Amino acid sequence: MNNSFLITRSRHDEAMNYLFYWAGKVIEEAEKRNFNVIDLNGEKANVGDFTGRMKKIKPRLIFFNGHGDSGLVTGYDDKILVKVNQNEELLKNCIVYALSCRSAEKLGESCIKKGTTSYLGYNDDFILVFEKDKITRPLEDKTAGLFLDPSNLVVISILKGNTSGQSLKKSKEEFKRNVKKLLTSDSLQEDKSSIPWLIWDMNHQVCLGDQTARI
Amino acid sequence: MVESKDALDEEIRQLVIERLKATPSDKKISIGGDGDFTVEQLIDRVSKNDKIGRKVIDVQMSYLRALKTGVLVDE
């Protein structure tokens with residue numbers, strides 16, 4: 001079995017910096033479980049390095065952290081990594097999770113048609129709320145954690161051996177748990193303002209392709 | 001009819017703005033590739049009814065609909 005896990009994470013703007021640090025938690029989990037982690041971070045999150053690693057190592061699980069649109073996902077400096085009708089075949093036989101906006105809409109569908117096993121992602125914008133004074137310490141940002149913990153749970157769950165469908169369900173349940181926590185009277189009124197954004201992300205998170213796929 | 005739709009849209013915009021005002025000013029909202037916004041900036045976008053403003057309205061109205069349909073109730 002190929003136990004390689006490829007992750008892309010750049011940090012060229014504030015939101016990407018958050019994704020970069022929080023993705024580190026997923027890497028820790030993968031290493032704990034003896035996965036061979038291919039970490040394309042910073043400037044290494046470019047199409048050349050990505051293509052090379054995909055062809056040479058053929059990782060089974062891919063985790064994109066980057067901006068996106070309906071037909072593409074990007075890496076460092078918002079340069080395209082994968083685009084519809086350009087290079088989706090690189091993701092053949094892979095389980096993919098794209099923490100990026102909208103890519104499940106067209107790219108995900110196209111990837112499945114061209115052989116990707118499962119494509120998890122968002123069919124509209126992924127929205128993240130964070131605290132201005134935590135920008136230099138993203139992992140201490142509890143508001144961002146409300147969004148990124150459930151999101152990253154998709155990959156952590158797959159690394160633990162769950163199917164892609166089960167992993168989506170676990171992630172949505174975690175989003176819902178966070179919403180319910182905020183709805184309790186113990187939560188500060190200002191924290192409750194995150195609820196609509198959390199529900200948005202939860203409702204737009206999807207799993208395409210084989211729901212029973214696992215690594 | 002057109003007038004009443006405009007009036008309804010304006011009411012919805014005001015509702016969303018009031019909801020946004022409850023968001024602490026120390027928070028920023030990242031809306032994908034469109035960038036990061038302060039609460040004040042989002043209120044301004046909703047007032048202008050531009051692409052970002054309409055997205056914010058969509059998010060807030062989806063939340064209100066979710067409450068109505070009981071999406072948070074365990075199956």
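**Group meeting: a two-chain model**

Start with chain B: of its 75 residues, 40% count as buried. Keep in mind that this is a predicted model.

Stay with chain B for a moment. It has three helices and two strands. What order do the elements of chain B run in from the N terminus on? They go α-β-β-α-α. The accessible surface of chain B is about 4,400 Å². Carbon and sulfur atoms make up 53% of that surface. Then the contacts in chain B. Take those between residues at least 6 apart in sequence: 40% join residues at least 24 apart.

Look at helix α2 of chain B, residues 39–48. Which residues of this helix are buried? They are V39(B), L42(B), I43(B) and V46(B). Those residues span an arc of only 100° around the axis, so they sit on the same side of α2(B). The general rule helps here. An α-helix has 3.6 residues a turn, so residues three or four places apart point the same way. Just after α2(B) comes N49(B), with a positive phi of about 60°. For context, most residues other than glycine have a negative phi.

Now chain A. It holds seven helices and ten strands. The radius of gyration of chain A is 16 Å, and the globule rule gives 17 Å for 215 residues, so chain A is as compact as a globular protein of that length. The C-alpha trace of chain A spans about 50 × 35 × 35 Å along its principal axes.

How much of chain A is buried? Of its 215 residues, 60% count as buried. The accessible surface of chain A comes to about 8,800 Å². Of that, 47% belongs to carbon and sulfur atoms. On contacts, again take residues at least 6 apart in sequence. In chain A, 68% of those contacts join residues at least 24 apart.

Charges next. Chain A carries 32 positive and 29 negative side chains. How far apart do the centres of the two sets lie? The answer is 6 Å.

Let's zoom in on helix α2 of chain A, residues 47–57. Its buried residues are F50(A), T51(A) and M54(A). Down the axis of α2(A), these fall within an arc of 95°, so they line one face of the helix. What covers them? The cover includes four strands of chain A: β1 (4–9), β2 (36–41), β3 (61–65) and β6 (80–83).

The same helix, α2 of chain A, also holds I57(A). Is I57(A) buried or partly exposed? It is partly exposed, because its relative accessible area is 26% and buried means under 20%. Leave out residues up to four places away in sequence, and I57(A) touches N2(A), S4(A), N36(A) and I38(A). There is also N3(A), 54 residues from I57(A) along the chain. The C-alpha atoms of I57(A) and N3(A) are separated by 9.9 Å.

Next stop, the loop between β6 and β7 of chain A. Strand β7 covers 95–99. Two asparagines in this loop deserve a look. One is N85(A). Phi of N85(A) is near 60°, a positive value in a residue other than glycine. N85(A) is exposed, with a relative accessible area of 63%. The other is N93(A), found in the loop between β6 and β7. Phi of N93(A) is near 65°, also positive in a residue other than glycine.

On to helix α3 of chain A, residues 104–113, and I112(A) within it. I112(A) counts as partly exposed, at 25% relative accessibility. Which residues does I112(A) contact, leaving aside neighbours within four places in sequence? They are T117(A), S118(A), Y119(A), L208(A) and G209(A). Take L208(A) from that list. I112(A) and L208(A) are 96 residues apart along the chain, and their C-alpha atoms are separated by 7.2 Å.

Last residue: R177(A). Its place is in helix α5 of chain A, residues 164–183. R177(A) is partly exposed, with a relative accessible area of 47%. Between the C-alpha atoms of R177(A) and P150(A) there is a separation of 9.3 Å. Along the chain, R177(A) and P150(A) are 27 residues apart.

To close, back to the two α2 helices. In chain B, the buried residues of α2 are on the same side of the helix. In chain A, the buried residues of α2 line one face.

Key
Residues numbered from 1 in each chain as written. Chains lettered and ligands numbered in written order. Predicted model: local features only at pLDDT ≥ 70, side-chain atom pairs only at ≥ 80, totals over all residues. Heavy atoms only, no water. Buried < 20%, exposed > 50% of the residue type's maximum accessible area, 1.4 Å probe, protein only. Arc of directions from axis to C-beta. Rg over C-alpha atoms; globule rule 2.2 N^0.38 Å. Contact = heavy atoms within 4.5 Å. Areas by Shrake-Rupley, 256 points an atom, 1.4 Å probe, with all protein chains shown as cover. Lys, Arg positive; Asp, Glu negative; His and termini not counted. Charge placed at Lys NZ, Arg CZ, Asp CG, Glu CD.
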